[in-house]
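The exercises below are to be worked with the sequence and the coordinates at hand. Each task is followed by a solution in steps.

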Amino acid sequence: MKRLLALFISLLLVIAPLASDPIAYEYEPYEEDEFPIWSMELRRAETIFFGSLVITFPVAMGIYSLASTLGMPTPQEEYKQVLQQALIAGGLSLIIAGTDWIIGMVNGE
């Protein structure tokens with residue numbers, strides 16, 4: 001029974017691509033005015049925010065552990081520590097994205 005099921009699934013995987021239709025259209029590049037400016041700025045801010053989290057989260061963990069060794073009271077539950085570190089990292093990333101937006105406004109981009 002297992003062999004029959006494996007044969008049937010294999011047969012479906014082989015035949016299914018043969019039955020599909022080819023793509024009938026060609027790629028058209030986006031036009032310059034296709035998206036509003038605010039959506040492009042929001043996309044840039046989103047990319048910078050999530051891209052900087054890769055750097056700010058380890059930095060926040062280091063700052064948090066340094067502050068806890070200097071006498072800052074720490075919560076007993078580990079999830080609270082991780083949540084606080086994530087909030088610090090999110091705040092730093094938000095500052096980075098906001099700074100990029102302000103610099104873009106000042107430069108007129």
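The conventions come first, and the exercises follow.

The model is predicted, so local features need pLDDT of at least 70 and side-chain atom pairs count only at pLDDT 80 or more, while totals for chains, interfaces and linings use all residues. Residues are numbered from 1 along each chain as its sequence is written, and side-chain values use heavy atoms, with hydrogens and water left out.

**Exercise 1. Overall architecture**

Determine how many helices and strands the protein has, and what share of its residues counts as buried.

Solution.
- Step 1. Helices (H or I, at least four residues) and strands (E, at least two) are taken as DSSP runs, numbered from the N terminus. The protein has 3 helices and 0 strands, and the order of elements from the N terminus is α-α-α.
- Step 2. Buried means under 20% relative accessible area, exposed over 50%, and partly exposed in between (1.4 Å probe, protein chains only). Of the 109 residues, 9% count as buried.
- Step 3. A contact is a pair of heavy atoms within 4.5 Å. Among contacts with a separation of 6 or more, 74% involve residues 24 or more positions apart.

**Exercise 2. Helix geometry**

Compare the expected span of α2 with the distance between its end C-alpha atoms, do likewise for α3, and find where α2 bends.

Solution.
- Step 1. The expected span is 1.5 Å times one less than the number of residues in the helix. For the 33 residues of α2 this gives 48 Å, and the end C-alpha atoms are 46 Å apart, which agrees.
- Step 2. For the 30 residues of α3 the expected span is 44 Å, and the end C-alpha atoms lie 43 Å apart, again in agreement.
- Step 3. A bend is the angle between axes fitted to the seven residues ending at a residue and the seven starting there. In α2 the bend is about 45° at V54, and the proline P58 follows within four residues.
- Step 4. After α3 comes G108, whose phi is positive, near 80°.

**Exercise 3. Packing of two helices**

Identify the buried residues of α2 and those of α3, and state what the buried residues of α2 pack against.

Solution.
- Step 1. The buried residues in α2 are S52, T56, A60 and Y64. An α-helix has 3.6 residues a turn, so residues three or four places apart point the same way.
- Step 2. In α3, the buried residues are Q85, A89, G90, S93, A97 and G104.
- Step 3. The buried residues of α2 pack against α3, and α2 is included in what covers the buried residues of α3.
- Step 4. T56, in helix α2, counts as buried because its relative accessibility is 5%. Apart from neighbours within four places in sequence, T56 contacts A89, L92, S93 and I96.

**Exercise 4. Polar side chains**

Locate the salt bridges and determine which side chain meets that of Q84 in a polar contact.

Solution.
- Step 1. A salt bridge requires a side-chain nitrogen of Lys or Arg within 4 Å of a carboxyl oxygen of Asp or Glu. The whole structure contains 2 salt bridges.
- Step 2. R43 pairs with E46, with the closest N and O atoms 3.2 Å apart. Both residues lie in helix α2 (residues 37-69), 3 residues apart, about one turn of the helix.
- Step 3. R44 and D100 form a salt bridge at 2.8 Å, N to O. This pair links distant parts of the chain, with R44 in helix α2 and D100 in helix α3 (residues 78-107), 56 residues apart. R44 is partly exposed at 47% relative accessibility.
- Step 4. A polar contact is a pair of N or O atoms within 3.5 Å; within protein, one must be able to donate a hydrogen and the other to accept it, and residues adjacent in sequence count only if both atoms are side-chain atoms. The side chain of Q84 makes such a contact with the side chain of Y64 at 2.6 Å. Q84 lies in helix α3 and is partly exposed at 33%.

**Exercise 5. Aromatic pairs**

Classify the geometry of the aromatic pairs.

Solution.
- Step 1. Rings of Phe, Tyr and Trp (its six-membered ring) pair if their centres lie within 6.5 Å; planes under 30 degrees apart count as stacked, over 60 as edge-to-face and the rest as tilted. The search finds 2 aromatic pairs.
- Step 2. The ring centres of Y30 and F35 are 5.1 Å apart with planes at 70°, so this pair is edge-to-face.
- Step 3. The ring centres of F49 and F50 are 5.0 Å apart with planes at 85°, so this pair is edge-to-face. F49 is partly exposed at 22%, whereas F50 is exposed at 51%.
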